[in-house]
Amino acid sequence: MSNFKVYFDLGFEHILDINGYDHILFVLALAAVYLLRDWKKVLILVTAFTIGHSVTLALSTLNYVVIQPEVIEFLIPVTIFITAFANLFKKEKSLKQSGNMQLNYIFALVFGLIHGLGFSNYLKSLLGKNSSIVGELLAFNLGLEVGQIIIVVCFLIISFIFIDLFGMKRRDWVLIISSAIAGIAITLMLETKFW
């Protein structure tokens with residue numbers, strides 16, 4: 001059980017580490033269009049991201065999928081940019097209709113595959129030549145999931161303060177957050193280009 005806790009803590013700390021802010025930005029880009037009252041939808045969204053990155057995290061850690069780390073480090077900010085950029089075109093009316101935000105679930109699942117490859121480099125260095133890694137992978141993913149939920153809950157509380165308490169228009173909130181995230185993503189793409 002102590003081994004489980006070690007890897008759970010590693011996953012938890014990895015997602016909350018300020019040096020790993022690229023993954024935090026992606027989760028925030030996904031959650032930017034939701035309100036605190038949408039917490040169930042956001043929980044499903046974060047879980048879809050976890051499922052996506054769990055698949056490639058396992059495949060890459062077990063060496064079934066091998067992609068150059070430089071390519072992955074570039075693709076991660078691309079996923080952040082696409083998600084944030086797509087938010088910029090959501091109209092106020094569509095923000096209130098949950099059916100129009102299904103694209104975020106697709107982004108969470110599909111782009112989660114790319115983020116899982118990024119997590120795998122970190123996890124591989126920790127696991128070394130360990131032959132049985134199922135428990136460690138599960139613990140690490142659960143730690144990531146709990147960390148992501150904490151990030152999203154904090155973000156939803158901040159959005160509640162600005163939108164519900166201060167009366168900021170929801171559309172303006174989404175534009176400000178998504179524009180900032182897209183701008184940071186562009187900077188990250190320029191820093192991580194591999195060609």
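Me: Which helix gives the most to the nonpolar patch?

Reply: In this predicted model, helix 6 gives the most to the nonpolar patch, supplying five residues. Helix 3 (39-61) and helix 6 (102-127) each contribute at least two residues. Together the patch residues, among them Ile51, Tyr64 and Val110, have about 880 Å² of accessible area.

Me: Why is Val110 called partly exposed?

Reply: Val110, which is placed in helix 6, has a relative accessible area of 43%. Partly exposed covers the range between under 20% (buried) and over 50% (exposed), so Val110 at 43% is partly exposed.

Me: What makes the contact of Asp9 and Lys5 a salt bridge?

Reply: The N to O distance between the side chains of Asp9 and Lys5 is 2.8 Å. The cut-off is within 4 Å, and therefore the pair qualifies as a salt bridge. Both residues lie in helix 1 (residues 2-16), four residues apart, about one turn of the helix.

Me: Why is Asp38 called buried, whereas Lys41 counts as partly exposed?

Reply: Buried means under 20% relative accessible area. Asp38 has 12% and is therefore buried; Lys41 has 30%, so Lys41 counts as partly exposed.

Me: How do you know that Arg170 and Asp38 meet in a salt bridge?

Reply: Their side chains are 3.7 Å apart, N to O, and this satisfies the cut-off of within 4 Å. The pair links distant parts of the chain, with Arg170 in helix 8 (residues 170-192) and Asp38 in the loop between helix 2 (21-31) and helix 3, 132 residues apart. Lys41 also meets Asp38 in a salt bridge, at 3.8 Å, and Asp38, Lys41 and Arg170 are linked in a network of salt bridges.

Methods. Residues are numbered from 1 along each chain as its sequence is written. This is a predicted model: local features need pLDDT of at least 70, side-chain atom pairs count only at pLDDT 80 or more; totals for chains, interfaces and linings use all residues. Side-chain values use heavy atoms; hydrogens and water are left out. Patches are made of residues with over 30% relative accessible area and no salt bridge: like charges are joined within 9 Å, nonpolar side chains (Val, Leu, Ile, Met, Phe, Trp, Tyr) within 5 Å. Accessible areas come from the Shrake-Rupley method with a 1.4 Å probe; for residues, only the protein chains shown count as cover. Buried means under 20% relative accessible area, exposed over 50%, partly exposed in between (1.4 Å probe, protein chains only).
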